[in-house]
2 protein chains.
Amino acid sequence: MSYQAPMKDMLFVMNELANLEGVSALPGCEDANAETAEAVLEENAKFVSGVIAPLNHAGDKEPSFWHDGKVTTSKGFKEAFKQFAEAGWQGLQHPTDFGGQGLPKLIGTPCVEMLHGANLSFALVALLSDGAIEALMTAGSDEQKATYLEPLVTGKWTGTMNLTEPQAGSDLAAVRSRAVPQGDGTYKVFGTKIFITYGEHDMAENIIHLVLARTPDAPPGVKGISLFIVPKFMVNADGSLGARNDAHCVSIEHKLGIKASPTAVLQFGDNGGAVGYLVGEENRGLEYMFIMMNAARFGVGMQGVGLAENAYQQAVAFAKDRVQSRDLNGSPAGVAIIHHPDVRRMLMSMRAQTEAARALAYVAAGIHDVAHHHADAEVRAHNQAVYEYLVPIVKGWSTEMSENVARDGVQVHGGMGFIEETGAAQHYRDAKILTIYEGTTAIQANDLIGRKTVRDGGALAKSLVAQVRATAGELAQVNSPEFAAIRKHLERGADDLEAVIDFVVNHVKSDIKCVFAGSVLYLKLAGIVLGGWQMGRAALVAQKKLAAGEGDAAFYHAKIVTARFFADHILSGSSGMRAAIVDGSAGVLGLEVEQF
Amino acid sequence: MSYQAPMKDMLFVMNELANLEGVSALPGCEDANAETAEAVLEENAKFVSGVIAPLNHAGDKEPSFWHDGKVTTSKGFKEAFKQFAEAGWQGLQHPTDFGGQGLPKLIGTPCVEMLHGANLSFALVALLSDGAIEALMTAGSDEQKATYLEPLVTGKWTGTMNLTEPQAGSDLAAVRSRAVPQGDGTYKVFGTKIFITYGEHDMAENIIHLVLARTPDAPPGVKGISLFIVPKFMVNADGSLGARNDAHCVSIEHKLGIKASPTAVLQFGDNGGAVGYLVGEENRGLEYMFIMMNAARFGVGMQGVGLAENAYQQAVAFAKDRVQSRDLNGSPAGVAIIHHPDVRRMLMSMRAQTEAARALAYVAAGIHDVAHHHADAEVRAHNQAVYEYLVPIVKGWSTEMSENVARDGVQVHGGMGFIEETGAAQHYRDAKILTIYEGTTAIQANDLIGRKTVRDGGALAKSLVAQVRATAGELAQVNSPEFAAIRKHLERGADDLEAVIDFVVNHVKSDIKCVFAGSVLYLKLAGIVLGGWQMGRAALVAQKKLAAGEGDAAFYHAKIVTARFFADHILSGSSGMRAAIVDGSAGVLGLEVEQF
């Protein structure tokens, strides 16, 4: 069975949890009503499951390959990207001025989830172009926008992010690539960049590299980094392509997963210097790159949700089909393994975590739209702060959970899961990059603590905890064992999260290492509590619909059961995580390096 | 850096926790004193890190391959197995009567751990031979023993286990292979077996397949399965090899991991029937196969420990070497990433879980030796029962934790971990088989509940909880924050485990699915509580040594810190697991199949 977009849950979350109605009432979002949203999602779902999903396993088996500086992508990728571009999917969330469709993030996000769910390797090319578009939109000159945006938005060209260098890894302060001004407004760029996703490929006419480098007099560290446009082919005044630039792919990596997506080593300036154009001002490159990264981080979070959904669907299909052993309650013959309780437990765990992460991400997307479109500047600013708090959680927690989900997906398949033919193993391999690229989970957690929690003394974080408690209060109004269980664990989760926020804020100055020893655990705790909060909200909506006799009763009933599973099995871990954060740093930090 | 046996911890656990002294006092184990043990381990460590470990990554890159019915194993495997056999390592735990060394399991176990730690794929051939030897030793006729044991024990030949068939998977009741008596005491065997580890290879002169099949009048289900010896080459009366038997390898699998070890599809009897010899009595095959499986299950548990140790060592080496970003406490330049708190947390988590699982397994091995060698039958029987309770935990928990450890190993490497060249990714791929073969974790958990917990009303399980509490009592005597933390979480863990045992015993008849919905969680809870118990015992020993000024102070100090980490970060999860087991079945079982 191939990936199918989970339309019902997507629309439920958009409409009932993420306030699509509110978003469509925002200035500039008037067209984005529920009908449009559903139509866009349906069209995208059809495209994605018809054209993109079938390339996923094939691309894993026959990855992109490098020969003599050129990268040939997996069979069908080039043609599929052409269709993707022509149908306008690259431009979904980008301004109509540059050939986009100008839809809000809340509608773009499920489309992004579908694309990643269907084929992570393929979707990466679009994700990177999105990032480049965001950065140029914010920091590019009018001329740069006029030159580069439309071809990127329409998928005629693609974009890349060039940060990492061999000696620097995630530490951008250590970037050494050089950019030498030529006196004519251009620069010559020299250096080696590694881990460049779609840094070279054959799917578009041109590739627009956005490259971090230092000008000759730049201060050391991150304050001396500038951002440059380095096109693969020079662009003439009329928009046609000119000479080949001195930016070359010297190899691609042999990776654990996402094998169809080429991960390039790029060499800039080996033959005299690659022509580069400064974006914005010198030494502000990191700031601009963060624009790309924040967009990309949210996108990687959606990769986690999409991949988890795909792994779940595949495991469900296998578990319904595979007959093995009798039912525990007694059956004359073997039953489909979905009847075995531990298989059921794994499927529910996959389902519950995927739904919770989806809900939290879409809610964040809706908040992003308010932050960008609301008429009131204060409302915008507040929503922007909430969105920025949620981004590292959407990125970090969704991807961490996707690893577990992919793992359970293999496990449901038993021995067959270990055979590459089934495809379950591909999810397990592909998932492993998600907690690493665009900043590891630890880097997300540093961001969550440093920029998002400590700066305002935990005020924003605690305002979210207060909202979680309000939902718990609503849950207490419903008299049923399901709602009692959800309420109990959500309330405890809120207590645990608040205690951890206090711990972080109170100790970060006196003992910074002690706080950061629990950074990733704090991020995960925030993920399960805020994800659990969305599941609680979802259960309340479902209960109201059931009481009113509206809609699909089986769907709403399943939502309540799934929310309960999440509470009993996932949220119930909050107290252990709190203990590990608040008391656990001595164990983390107690050894000398020599004792390892 | 290549794998090095963790000699210091191995010897500590053997001597201080697993009662090597007591084992060496048992009848027949007199030679197995501390000096012998250390000498054997040192010799084995030298062999394993010198000869076997270097083949691990190479074998992954150039797996075994099939051509025209023959399997060529990865480069160097054949020669290494010859050395392994000639040095007598295959026979370490097997009787001297058949060419073995007759050492107790407590000494064999660390050697097994090393072998698996160095090279999972290689070690599998020995693990399977061990199982075949155990089965023949218990159920074979004198003539069969005389024919097959010495060549197996000395590594001249190897053995296999043939259980799985395409339509049956783990459900042995569905086995369809046929064995037709020929009137001369032999049988002709017909059928297809899949997932046969080292079912065909070029590393030994002959392969002794042990095959489950049904005789013509056998009753249906597991009570109609018999066990047959089907040699690849017939064996003449003088022990020389005769004609090729009708057992052929038709393909090997393309797998996620353990790629150097061939996983064969074997076809029996396509050319007239494969000659087979009944082992023991007809229809008792499952019972005999369980002898192999129990030995193999413990062995797979050691694969988990060994792989985790290797992944840990590699992550430590990388983290000490890789310089990136400044220290959180401020440093002029970048520091090795081992100084970053979250890297440290992952390393400690890898270390603590590995040490705890090692300790629990070695303790189980020591108990096995008492069960087999003690003069008093009652002591033997009691220890056998304890050992059998521990086997599914050693298998299930050690392998589940090894997946997490291998995952963290990749994560410590960051982007480099996703590149196959580093080798970290191989552990992540290899680990995934361990929770599946020789019975998935769910199958281990079924065994833990059905045969090991419920049959005596939880009495044996609770006697272990009482021992955990006694250790908690001893921990309370030491006045320090480390010991207070360990005691607190160990006591809570004991409470949680006891509550779960009661829940299992009290509900298994009235609502079996509700109990089995938490089966794997019960296994994992037992793993962390009993593993945490061993870490608590280890901390007590370390504290006494430090107080007495004996031995390696840095080692003992590290042991106490590691035990504390285990308590704060791993054991602290016990309450959430208890909640998920005791309250969580409604969420697991609440959906109809159609709602998935």
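A residue is called buried here when its relative accessible area is under 20%, exposed when it is over 50%, and partly exposed in between (1.4 Å probe, protein chains only). The model is predicted, so that local features need pLDDT of at least 70 and side-chain atom pairs count only at pLDDT 80 or more, whereas totals for chains, interfaces and linings use all residues. Residues are numbered from 1 along each chain as its sequence is written, chains are lettered from A in the order in which they are written, and side-chain values use heavy atoms, with hydrogens and water left out.

In chain A, strand β11 (residues 263–268; strands are DSSP runs of E of at least two residues, numbered from the N terminus) has six of its six residues buried. A:Thr263, A:Val265 and A:Gln267 point one way from this strand, while A:Ala264, A:Leu266 and A:Phe268 point the other way. Strand β5 (residues 187–197) of chain A runs antiparallel to β11(A) and is joined to it by five bridges, where pairing requires at least two DSSP bridges; in β11(A), A:Thr263 stands opposite A:Thr197.

Between the chains, the contact (heavy atoms within 4.5 Å) takes 87 residues from chain B and 87 residues from chain A. The buried area, that is, the accessible area (1.4 Å probe) that two parts lose on being put together, summed over both, is about 7,700 Å², with carbon and sulfur atoms giving 62%. On the side of chain B, B:Phe418, B:Tyr428 and B:Phe596 lose the most area to chain A, together 11% of what that side buries.

Methods: Helices (H or I, at least four residues) and strands (E, at least two) are DSSP runs, numbered from the N terminus.
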